[in-house]
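Could you walk me through this structure in the viewer, one selection after another? I would like to know what to click on and what I will find there.

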Amino acid sequence: MNPMIRLAVSTALGIALASCGGGGGGGGGGPICTVAAGGGTIAVSGLAQFQRVGHTAGHALNYAGITAMPVRGATVEVRRGTATNTCVAGTILGTDTTDAAGNYSINVTQNEDAKVCVRAELLQAGGPTWNVQVVDNTSASAVYVLETAAFCSGTTPLTQNLTAATGWGTTSYTGPRAAAPFAILDSIYQAIQKILTVEPTAVFATLDLNWSVNNTNAGSGTPSDLAAGRIGTSFYSSGEIYILGDDNNDTDEFDDHVIIHEYGHYVEDNLSRSDSIGGSHSGGDLLDARVAYGEGFGNAWSGIVTDNPVYEDSFGPQQGQGFDINVESDTVTAGQTGWFSETNVQAVIYDLYDTTNEAGGSGDTSTIGLAALWNTWRNLQSVTPTLTTIFSLLDGARTSAGGSVAFINALAVANGIAGTDALGSGETNAGGSGNTAALPLYTAYTVGGGSVPICVTNNDGTYNALGNRRFLNFAVGSANRTFSVTAPAGTDVDAVLYNAGAIVGAAHQASGNESWAINPLAAGTYVLEVYACENVFPGQCAGNGTTNTPGNRCLTVSIN
């Protein structure tokens, strides 16, 4: 069992916090009960709550607007003993899970020295299943636990209420921030419940949510940085979410849209599919289609789960600054509108879901609802032979909501998206920079058909920008295959081969051109990604006399 971070209960803002490991019992605190345990059982019940901080009109945290909220779906234990580490090592006398109102009830032996322990954990083993914990990445992944003072169970039913307080004083945090782990947990609870409305038997992979008061926006994401709280930003990776908690800098525990956005990446990774390459991004960027889709999905997902399209993110001294994104109605300038924009992607996805229709040429005249979207994500997007983009999402939505094709197409066109299938066929929008190297999104290729030119660019940025990387799609039978990508002197080319989003081959040699074989390559439909290293990793490339200077490059590709 993981160690625990113990959060003592208080109805005031000041609460005691202690870190303890998973060792044995014993320690301070003598017996409370005056008679021996036994003689039947009694009910220990109560209400578990946490204090949630809302947002001001300027999207900062509003400490004048603290609201008591139920701790929903969390594991509750009554443990024996009065030792200081009772909630770690004391014998479990009974367990329950808080209901949707935060209530619990546990029958325990009479006259037991005991504590109530509420774990920052969502755990269900039967039917739909999940296992979610909020842990401290800077303290050996200790699970946060809210606990009462020790008490004697006695002989009559007892009420033990618990409130996890914010720890906020007048102008700063003056006590431990016990509410934070439970606010984070509640955002995930809300997302799980949303999914259960369309997939009641969903099985969720284990998820750890790493939050600490030490988690700041410094660092490079190395294991040692993460263990020290230098997480860079709130993010999802490989079954874990890291969440900022450094006060007077940037905290995200009460920014529910931020947490649900990151949980959206978990959903894509475990219940659907994401081919996003990540990297920095913002609403006005012209992005790689996979990144625009993944980040637009995350923002739209936060609006879908909360039924609130206004995404709020607080930061700064006293958490006194903030910004918002309206995932439904935000716009970007004309040259930034299209399939490469997370702003347009999020608007399309949210408008496919919501039932509030806007006027003014938005294309939002109807809805296909969450069930059709979920079927698309779960059963179609997850297996698309293309990469995951807004085009594959729209193509799946046309299948899932066949009677709404006209609405889907009109909504896409209103957002600068004209491609008619998962490949984006017919798309003419290359962005305001006139980035003709970005289209077609996929170049159809016939194996053995000779060489084809593929041009790449850095017109809109590097690493994950529009036109950095180009794609060929092709279908083959099982056979030995040879791939070749060449470029003018001064260019270091690289390539990645995908089958339904999975990488099946790559060439990143320290030389300018690339030539490699796969013997045999299984029959199937593939996507080959090619790029000039200097447009993706400027300053880090070698070979073929490369200058490491980004720029327009025309490559030559052949497959035999």
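Here is a tour in several stops, beginning with the disulfides and ending with the backbone.

Please keep in mind that this is a predicted model.

**Stop 1: the disulfides**

Show the cysteines as sticks. The model has four disulfides. If you number the bonded cysteines in sequence order, they pair as 1-4, 2-3, 5-8 and 6-7. Three of the links are worth a visit, including the one that starts at Cys-33.

Select Cys-33 and Cys-152, whose sulfur atoms are 2.1 Å apart. Look along the S-S bond and you will find a right-handed link, with an angle of 110°. Cys-33 sits in the loop between strands E2 (17-20) and E3 (41-55), while Cys-152 belongs to strand E11 (residues 151-152), so this disulfide ties together parts that are 119 residues apart in sequence. Switch on a surface to compare the two ends: Cys-33 is buried, at 14% relative accessible area, whereas Cys-152 is partly exposed, at 23%.

Next, select Cys-87 and Cys-117. Their sulfurs lie 1.9 Å apart, and this link is left-handed, at -85° about the S-S bond. Here a helix is joined to a strand: Cys-87 is in helix H1 (residues 86-89) and Cys-117 in strand E8 (residues 113-124), so parts 30 residues apart in sequence are tied together. Both Cys-87 and Cys-117 are buried.

Now jump to Cys-455 and Cys-554, with a sulfur separation of 2.0 Å. The angle of 95° about the S-S bond makes this link right-handed. Strand E22 (residues 452-456) holds Cys-455 and strand E29 (residues 553-559) holds Cys-554, so the bond ties together parts 99 residues apart in sequence. Cys-455 is partly exposed, at 26% relative accessible area, and Cys-554 is partly exposed too, at 43%.

**Stop 2: Arg-52**

Select Arg-52, which you will find in strand E3. Which side chain of opposite charge is nearest to Arg-52, and how far away is it? It is Asp-186, at 4.2 Å; Arg-52 is buried yet has no salt bridge. A salt bridge would need a side-chain nitrogen of Lys or Arg within 4 Å of a carboxyl oxygen of Asp or Glu. The side chain of Arg-52 does have a polar atom 3.3 Å from the backbone oxygen of Ala-183. Expand the selection to see its contacts beyond the neighbours within four places in sequence, among them Gly-65, Met-69, Ser-187, Phe-254 and Asp-256.

**Stop 3: Glu-529**

For another buried charged residue, go to Glu-529 in strand E28 (residues 524-532). Its relative accessible area is 0%. Draw a distance from the side chain of Glu-529 to that of Tyr-498 and you will have a polar contact of 2.6 Å. Not counting residues up to four places away in sequence, Glu-529 also touches others, including Arg-290, Arg-469, Arg-470 and Asp-494.

**Stop 4: the E19–E20 hairpin**

Switch to a cartoon view and colour residues 310-315 (E19) and 321-326 (E20), two strands that pair in the antiparallel sense over six bridges. They form a hairpin with five residues between them. To line up the register, pick Ser-314, which stands opposite Gly-322 in E20. In the turn, click on Gly-316, which has a positive phi of about 90°.

**Stop 5: helix H8**

Select residues 390-400, helix H8: eight of its eleven residues are buried. Among them are Ile-390, Phe-391, Leu-393, Leu-394 and Arg-398. Show the helices around it, since the cover includes H5 (289-306), H6 (342-353), H7 (369-380) and H9 (405-414). At the start of H8, a side-chain oxygen of Thr-389 comes to within 3.1 Å of the backbone nitrogen of Phe-391.

**Stop 6: backbone exceptions**

Most residues other than glycine have a negative phi, and most peptide bonds are trans. Look at Leu-439 and Pro-440, joined by a cis peptide bond with omega of about -5°; Pro-440 is in the loop between H9 and strand E21 (442-444). A cis bond also links Asn-519 to Pro-520, with omega of about -10°, and Pro-520 lies in strand E27 (residues 514-521).

For positive phi, select Asn-248, near 65°, in the loop between E17 (245-246) and E18 (250-251). Asn-248 is partly exposed, at 41%. Finish at Asp-307, with a phi of about 50°. Asp-307 sits in the loop between H5 and E19 and is partly exposed, at 47%.

Technical notes: Residues are numbered from 1 along each chain as its sequence is written. This is a predicted model: local features need pLDDT of at least 70, side-chain atom pairs count only at pLDDT 80 or more; totals for chains, interfaces and linings use all residues. Side-chain values use heavy atoms; hydrogens and water are left out. A disulfide is a pair of cysteine sulfur atoms within 2.5 Å. Helices (H or I, at least four residues) and strands (E, at least two) are DSSP runs, numbered from the N terminus. Buried means under 20% relative accessible area, exposed over 50%, partly exposed in between (1.4 Å probe, protein chains only). Lys and Arg count as positive and Asp and Glu as negative; His and the chain ends are not counted. A polar contact is a pair of N or O atoms within 3.5 Å; within protein, one must be able to donate a hydrogen and the other to accept it, and residues adjacent in sequence count only if both atoms are side-chain atoms. Contact means heavy atoms within 4.5 Å. Two strands pair if DSSP finds at least two bridges between them.
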